[in-house]
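Okay, thanks for coming, everyone. I'll put the model up and then walk through a few spots in it.

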Amino acid sequence: MENLVKLAREGRLEQGLGLTFGTHRPNPVERVAYDIEELVRDYRVGRRADGSPYRFLIKTYGCQMNEHDTEVMAGLLLAMGYEQSDSDEFADFILFNTCAVRENAEAKVFGEIGRLRPLKAKNPELLLGLCGCMAQEQGVQKMVLEKFPWVDVVFGTHNIHRLPAILTAAKQSQETVMEVWEKAAETVEDIPKVRKDSVRAWVNIQYGCNKFCTYCIVPYTRGRERSREPEDVIKEVRELVAAGYKEITLLGQNVNDYGVDLGTITFAQLLRAVNDIEGIDRIRFTTSNPWNFTDDLIAAIAECEHVVEHIHLPVQSGNNEILRRMNRTHTREYYLQLVNKIRKAIPNVSLTTDIIVGFPGETEAAFQDTLSLVREVQFDNAFTFIYSPRENTPAAKFADEVTLEEKKDRLRRLNDVQYQISLARNQALKGRVVEVLVEGESKTNREVLTGRTRTNHLVLFPGDISLKGQHVDVEITHPQTFLLKGQCVYREEVVS
Ligand code: 5AD
Ligand code: SF4
């Protein structure tokens, strides 16, 4: 195993080493099948001295990609003989699967790692680990070695399949075991997974991002775009359908770029192929980029009956100068035109977005352009963020004259506008009957079920848990800003 501690200590770990800037190249990443026999042979853990099993707990931060990586790592740990724990105190391995997109998430993780240190005195076998996007950052690697040496393992986003070997090495080492590959060496198929949900499942179709938006750390932490082979995606979806899953979310940083590196298939074609899988119910996908959102793709979404009417389409800003400085490759006019095309082809589509306020150089007038775009598009929902400078990204070097107070004020004003729009759009559904796929019980009231419409609206209604995984028709009685409350009108069995 390559231990990078020495390199990091000597300051010779180069951030971005091996990353290739630019657009599309043939996929050089080799596809390999995971060797589960090797895992069982070489990395099975025994039992604790008192005969009880070793237990793990993974704390996940950030996006759905991370949530899904956690399912993969949980699968590996179960195959090693660990069991899942839901409390820090009873865990023998606590792993932070981290997000690096904004600074406050990083600060939270370090706070938690500090808080957990005393547990090591209570349980000398306890191992602490850090993985995910933060682990890819040179600054974080140094910080762990210098300030948090009680962290036992650090591994990167390209090293997930190596978890059993890394953990086994950490058990035998007094020092932090650090394995962070700067770029993906392989796409590993057939890793065991433990899925959190029994109705909805995530399926990776693509890893990494080539877009290099100037504020974003993802191309550095997740590497260059790599598409999974369509056969592997289809096989995984088929297995999920056979296992009874109702909703499949195809995951990638830029799903509409799927296949560009393979040269044999487009995302539109993949959607059609997944749509044709026998017994498939709902198909979602995230995240889309306005760039390369082709007419072909719009037609596929419109025509595939199982592909739902929801597109998450991050715009980031409504001002062309800011978009240019963000390296977003789309303009306000292009985005609005795209929205029009989408709405024409898919009339009841729900559109959601991501927006950053307070990007360096954002004037009040530029911010007003964002507000006017939000009013014009009428998004169903928007995820809004204050710009957070990320080390080694181009925008971190841009002069930033906007004060934090101003940024907070812009965020508040933007949210005020969006909340009103979300509420108005939800109120338009009052009295309407919507089709809901039941996900389970509400966390706060066991007599209330939660589910989603095809358009991804969260719906709460009284009902029995036996409806989980089924489609029900719900009349919307009390629309709110972030959810719809209603009453079940009749029940429809879905034959899978
Ligand atoms: N600061 C604030 N928000 C960011 N995002 C990505 N990078 C940053 C950053 N440096 C937001 C973008 C992206 C979403 C996942 O996170 O809006 O679409
Ligand atoms: Fe980040 Fe831009 Fe890639 Fe999205 S498209 S992951 S914002 S670099």
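**Helix 6, the ligands and some salt bridges**

Let's start on the side of helix 6 that faces away from its buried residues: there you find Glu146 and Lys147, both exposed. By exposed I'm talking about over 50% relative accessible area, buried is under 20%, and partly exposed is in between, with a 1.4 Å probe and protein chains only. Helices and strands here are DSSP runs, H or I of at least four residues for helices and E of at least two for strands, numbered from the N terminus.

Quick housekeeping: this is a predicted model, so local features need pLDDT of at least 70 and side-chain atom pairs count only at pLDDT 80 or more, while totals for chains, interfaces and linings use all residues. Residues are numbered from 1 along each chain as its sequence is written, chains are lettered from A and ligands numbered from 1 in the order in which they are written, and side-chain values use heavy atoms, leaving out hydrogens and water.

Back to helix 6, which runs over residues 138–147: Gln138, Val140, Gln141, Val144 and Leu145 are the buried ones. Look down the helix axis and those buried residues fall within an arc of 170°, so they line one face of helix 6. That arc is taken from the directions from the helix axis to the C-beta atoms.

Now, ligand 1. What surrounds ligand 1? You've got Val101, Arg102, Tyr215, Gln316, Asp354, Ile356, Phe385, Ile386, Tyr387, Ser388 and Arg390, where being near means a heavy atom of the residue within 4 Å. Strand 15 (350–357) and strand 16 (381–386) each put at least two residues into that shell. Sorted by class, the shell around ligand 1 is six nonpolar, two polar and three charged residues. For the classes, Ala, Val, Leu, Ile, Met, Phe, Trp, Tyr, Cys and Pro are nonpolar, Asp, Glu, Lys and Arg are charged, and the others, Gly among them, are polar.

On to the N and O atoms. A nitrogen atom of ligand 1 sits 3.0 Å from a polar backbone atom of Tyr215, and a nitrogen atom of the ligand is 2.7 Å from a backbone N or O atom of Ser388. On the side-chain front, Gln316 has an N or O atom 2.7 Å from an oxygen atom of ligand 1. The protein covers 85% of the 400 Å² of accessible area that ligand 1 has on its own; those areas are Shrake-Rupley with a 1.4 Å probe, and for residues only the protein chains shown count as cover.

Tyr215 turns up again around ligand 2, along with residues including Cys209, Cys213, Cys216 and Arg328. The class split for the ligand 2 shell is seven nonpolar, three polar and two charged residues.

Arg390 from the ligand 1 shell also has a salt bridge to Glu137, at 3.9 Å, N to O. Arg390 is in the loop between strand 16 and helix 15 (404–427), and Glu137 is in the loop between strand 5 (127–132) and helix 6, so the pair ties together parts 253 residues apart in sequence. Buried or exposed, those two? Both Arg390 and Glu137 are buried. The cut-off for a salt bridge is a side-chain nitrogen of Lys or Arg within 4 Å of a carboxyl oxygen of Asp or Glu, and the structure holds 41 of them.

Another one is Arg228 with Glu236, at 2.7 Å, N to O. Arg228 counts as buried at 4% relative accessibility, and Glu236 does too at 8%.

Then there's Glu406 and Arg410, bridged at 3.2 Å, N to O. They're four residues apart in helix 15, so about one helical turn separates them. Glu406 is partly exposed at 26% relative accessibility, whereas Arg410 is buried at 4%. Salt bridges with shared partners join these two into one network with Glu362, Glu364, Asp409, Arg412, Arg413 and Asp416.

Last stop, backbone oddities. Most residues other than glycine have a negative phi, and most peptide bonds are trans. Here, the Thr286 to Thr287 peptide bond is cis, with omega near 5°. Asn392, in the loop between strand 16 and helix 15, has a positive phi of about 70° although it isn't a glycine.

Technical notes:
A polar contact is a pair of N or O atoms within 3.5 Å; within protein, one must be able to donate a hydrogen and the other to accept it, and residues adjacent in sequence count only if both atoms are side-chain atoms.
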